[in-house]
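Let's read a protein model together, one feature at a time. Take a moment to look around before we start.

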Amino acid sequence: MLPWKRALRPLAALLLTAAVATVPAAAAHASDAPSSGWNDFSCKPSATHPRPVVLVHGTLGNSVDNWLSLAPYLKDRGYCVFSLDYGQLSGVPLFYGLGPIDKSAEQLSAFVDRVLAATGTGKADLVGHSQGGMMPRYYLKFLGGAAKVNALVGLAPDNHGASLSGLTHLLPYFPGAGDLIKATTPGLADQIPGSGFLTKLNADGDTVPGVHYTVIATKYDEVATPWRSQYLSGSDVHNVLLQDLCPLDLSEHVAIGLFDRIAFHEVANALDTAHATATTCASAFS
């Protein structure tokens, strides 16, 4: 074996370890999701919350594990909540979001159409974690999603790439590393800063007209780094740093999407701006 190939093994392992850190161990299938309120296709949105909410998991996540806290949080507040699996690789169960991101966006498009048809609504709201906060932008920009989506809320979205605290900057020192990642896990390759996918996504502006964008970031993020790269530029964008709302919040890339109720409160504000209330440290108990 060539020396560079031996050196590539620990780098690849480290990349995978960092990515796995974005989700908990998979414990359930999408079919196990609660049948009342969450992924209940008989749910009809109320006058108070007239749009269904589609949750979009992150890399190596799935439609259940990523949302064990946020889905019930929104369901308890009267929303019709749905979640999907996307980016599956053949032979890789439970850990999704690894396929080409443009193809994942096509899966999201089909799922949103299904949700809108079932609920009888014209538009949905999207809430995504990590890749799930960035990938929908491709759907909005290139697949006609802007006509079907009112708001996109991203929790630690890697809108301009995930450098894994600078780890991806080492790839040029390992010839063939980028090609190997692209061949085996194209969804990871698409998220490397400077990738062809991200270049296309962010060309000619971050946003499209008619969609309300919210980005909720944490300064302790170790994946979508530097954390300011998560922010979007545009006329209808609300960029939020979690620690500006609660300086005591220590959530990093994983926690902000999985169980941080302070972040969840800000998600609820973004979904219902007319009834928004101040997000503070006390929101952890609301």
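What follows is a short dialogue between a learner and a teacher about this predicted model.

Q: How many helices and strands does the protein have?

A: Counting these elements is a good way to get your bearings. Here the protein has 11 helices and 6 strands.

Q: How much of the protein is buried?

A: A residue counts as buried when its relative accessible area is under 20%. In this protein, buried residues make up 55% of the 286 residues. As for the outside, about 11800 Å² is exposed, and carbon and sulfur atoms supply 60% of that area.

Q: What share of the contacts joins residues at least 24 apart in sequence?

A: For this figure, we look at contacts between residues at least 6 apart in sequence, and 76% of them join residues at least 24 apart. Leu-258 gives you a pair to look at: Leu-258 and Asn-66 are 192 residues apart in sequence, yet their C-alpha atoms are 6.1 Å apart in space. You will find Leu-258 in helix 10, residues 255-258. Leu-258 counts as buried because its relative accessibility is 11%, and the cut-off is under 20%.

Q: Is Pro-93 buried or exposed?

A: The cut-off for exposed is over 50% relative accessible area. Pro-93 has 52%, so this residue is exposed. Pro-93 sits in the loop between strand 2 (81-84) and helix 3. Between Pro-93 and Leu-60, the distance is 9.9 Å from C-alpha to C-alpha, with their positions 33 residues apart in sequence.

Q: How many salt bridges does the structure hold?

A: To find a salt bridge, look for a side-chain nitrogen of Lys or Arg within 4 Å of a carboxyl oxygen of Asp or Glu. The structure holds 4 of them, and we can visit some.

Q: Where do Lys-103 and Glu-106 lie?

A: Both belong to helix 3 (residues 101-119), 3 residues apart, which is about one turn of the helix. Their side chains meet in a salt bridge at 3.8 Å, N to O. Lys-103 is partly exposed, at 45% relative accessible area, and Glu-106 is partly exposed too, at 40%.

Q: Which parts of the chain does the pair of Lys-148 and Asp-113 link?

A: The side chains of Lys-148 and Asp-113 form a salt bridge at 2.8 Å, N to O. This pair links distant parts of the chain, 35 residues apart: Lys-148 is in the loop between helix 5 (136-142) and strand 4 (149-155), and Asp-113 is in helix 3. Lys-148 is partly exposed at 26%, and Asp-113 is partly exposed at 32%.

Q: Is Arg-137 buried or exposed?

A: Arg-137 is buried, with a relative accessible area of 2%. Its salt-bridge partner is Asp-206, with the closest N and O atoms 3.9 Å apart. The two are 69 residues apart and link distant parts of the chain: Arg-137 in helix 5, Asp-206 in the loop between helix 8 (196-202) and strand 5 (212-217). Asp-206 counts as buried as well, at 12%.

Q: How many cavities of 30 Å³ or more does a search find?

A: A cavity is a space where a probe fits but cannot get out. Searching the whole structure finds 2 cavities of 30 Å³ or more. The second largest has a volume of about 30 Å³.

Q: Which residues line the second largest cavity?

A: Among them are Gly-133, Leu-152, Tyr-213 and Leu-232. Strand 4 and strand 5 each supply at least two residues of this lining. By type, the lining divides into 6 nonpolar, 4 polar and no charged residues.

Terms used. Residues numbered from 1 in each chain as written. Predicted model: local features only at pLDDT ≥ 70, side-chain atom pairs only at ≥ 80, totals over all residues. Heavy atoms only, no water. Helix = DSSP H or I, 4+ residues; strand = E, 2+ residues; numbered from the N terminus. Buried < 20%, exposed > 50% of the residue type's maximum accessible area, 1.4 Å probe, protein only. Contact = heavy atoms within 4.5 Å. Areas by Shrake-Rupley, 256 points an atom, 1.4 Å probe, with all protein chains shown as cover. 1 Å grid on protein atoms, 1.4 Å probe; cavity = no way out; pocket = protein on both sides within 12 Å on 5 of 7 lines; lining within 4 Å. Points joined across faces, edges and corners; volume = space filled by probe spheres on them. Nonpolar A, V, L, I, M, F, W, Y, C, P; charged D, E, K, R; others polar.
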